[in-house]
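Subject: Structure for you to look at

Hello,

Here is the structure I promised to pass on. Please open it first, then read my notes below.

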Amino acid sequence: MSKLIDAALGIHPTALALGARRLEVLAANMANADTPGYKARDVDFRSALREAAGARLERTHERHLPGHASAADTLKYRVPNQPALDGNTVDAELEQTAFAEAAVRYQASLDFLASRIDGLRKALRGE
Amino acid sequence: MSLFRIFDIAGSALSAQSTRLNTVASNIANADVASPTAEGVYRSRQPVFAALLRGERGAAQDRLPGVQVLGIVETDRPPRVEHIPGHPLADENGYVYFPGISTVEEMANMISASRSYQNNVEVASTVKQLMLRTLQLGQR
């Protein structure tokens with residue numbers, strides 16, 4: 001049953017979790033906009049999502065350990081446009097726009113999920 | 001829910017930036033405080049920021065740091081010396097010592113700190129909205 005629901009929800013729960021992770025990374029970048037030597041990082045969303053969605057380990061025996069794909073935690077350093085003299089590579093404007101984009105994507109995932117849940121509910125009620 | 005940690009991160013940044021605003025306020029307020037000796041003059045204070053890694057699991061490069069204020073240092077910029085013989089705080093040669101504080105520098109520092117503060121407030125409020133919407137997921 002839960003596998004069925006998982007299939008019905010599609011990729012959106014994974015995308016939501018990744019989106020939350022990306023928001024966190026960008027928030028850390030912005031928090032450290034004035035920290036000497038801090039290097040800005042970001043999640044490569046496309047490849048992280050592909051890995052997180054595809055790298056699910058199937059178990060052939062119930063006593064096998066469930067595998068966790070930790071590929072979602074591959075953070076990449078940003079290539080700085082204009083690094084500061086103190087070694088900080090956070091570009092506040094760039095991070096702001098990236099954060100806004102990530103927030104919108106997160107909302108989109110939420111909306112997709114909500115409509116999928118709505119569809120499931122309708123199917124269950126048989127209206 | 002990993003979004004909760006953003007509040008820690010943004011909160012640490014808010015606290016660090018408000019420390020910076022405090023030192024700027026202190027520096028500007030004391031920019032014209034006279035002293036009879038070069039040693040006793042007020043020195044401008046500057047906070048030192050560093051990334052703060054909390055004790056969480058995972059490899060070090062995957063952890064997301066907040067900000068901490070390592071300490072507040074006093075700069076060793078030489079004081080401004082003025083010859084005002086009638087000044088009540090003048091030394092025997094008629095010199096008065098003022099802090100070597102550049103008000104323009106401090107104002108720029110203040111604007112930078114307040115912009116960073118605003119950025120982090122924005123982050124926290126956006127994340128709060130997203131979390132509330134996530135909590136409402138599936139309710140109708």
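Start with one contact between the chains. The side chains of Arg20(B) and Asp34(A) meet in a salt bridge, with N and O 3.0 Å apart. Keep in mind that this is a predicted model.

How far to trust it

The model scores ipTM 0.83 and pTM 0.82. Chain A has a mean pLDDT of 84, and 87% of its residues reach 70 or more. For chain B the mean pLDDT is 89, and 92% of its residues reach 70 or more. Within chain A, the element with the lowest mean pLDDT is helix 3, residues 45-54, at 73. Helix 4 of chain A has the highest, at 92.

The interface

How many residues of each chain are in contact with the other? Chain A brings 32 residues and chain B brings 33. The area buried between the two chains is about 2800 Å². Carbon and sulfur atoms give 57% of that area. On the side of chain A, Glu24(A), Ala31(A) and Asp34(A) lose the most area to chain B. Together they account for 20% of what that side buries. Asp34(A) is also the partner of Arg20(B) in the salt bridge above.

There are four salt bridges between chain A and chain B. Side chains of opposite charge can pair when their charged atoms come close. Nine residue pairs are in polar contact across the interface, with both residues at pLDDT 80 or more.

Which helices of chain A each supply at least two residues to the side that touches chain B? They are helix 2 (12-31) and helix 4 (92-125). Helix 4 of chain A gives the most, with 15 residues. By class, the side of chain A that touches chain B has 18 nonpolar, four polar and 10 charged residues.

Inside chain A

Over all chains, the structure holds 13 salt bridges. One of the salt bridges joins Asp42(A) to Arg22(A), with the closest N and O atoms 3.0 Å apart. Asp42(A) sits in strand 1 (residues 41-43) of chain A, and Arg22(A) sits in helix 2 of chain A, so this pair ties together parts that are 20 residues apart in sequence.

The form of chain B

Chain B has two helices and four strands. Along the sequence, the pattern reads α-β-β-β-β-α. Why is chain B called more spread out than a compact globule? Its radius of gyration is 22 Å, and the globule rule gives 14 Å for 140 residues, so chain B is well over that value. The C-alpha atoms of chain B fill a box of roughly 80 × 35 × 20 Å along the principal axes.

Best wishes

Notes: Residues numbered from 1 in each chain as written. Chains lettered and ligands numbered in written order. Heavy atoms only, no water. Contact = heavy atoms within 4.5 Å. Buried area = accessible area lost by both parts, 1.4 Å probe. Polar contact = N/O pair within 3.5 Å; in protein donor to acceptor, adjacent residues only side chain to side chain. Nonpolar A, V, L, I, M, F, W, Y, C, P; charged D, E, K, R; others polar. pLDDT = per-residue confidence, 0-100. Rg over C-alpha atoms; globule rule 2.2 N^0.38 Å.
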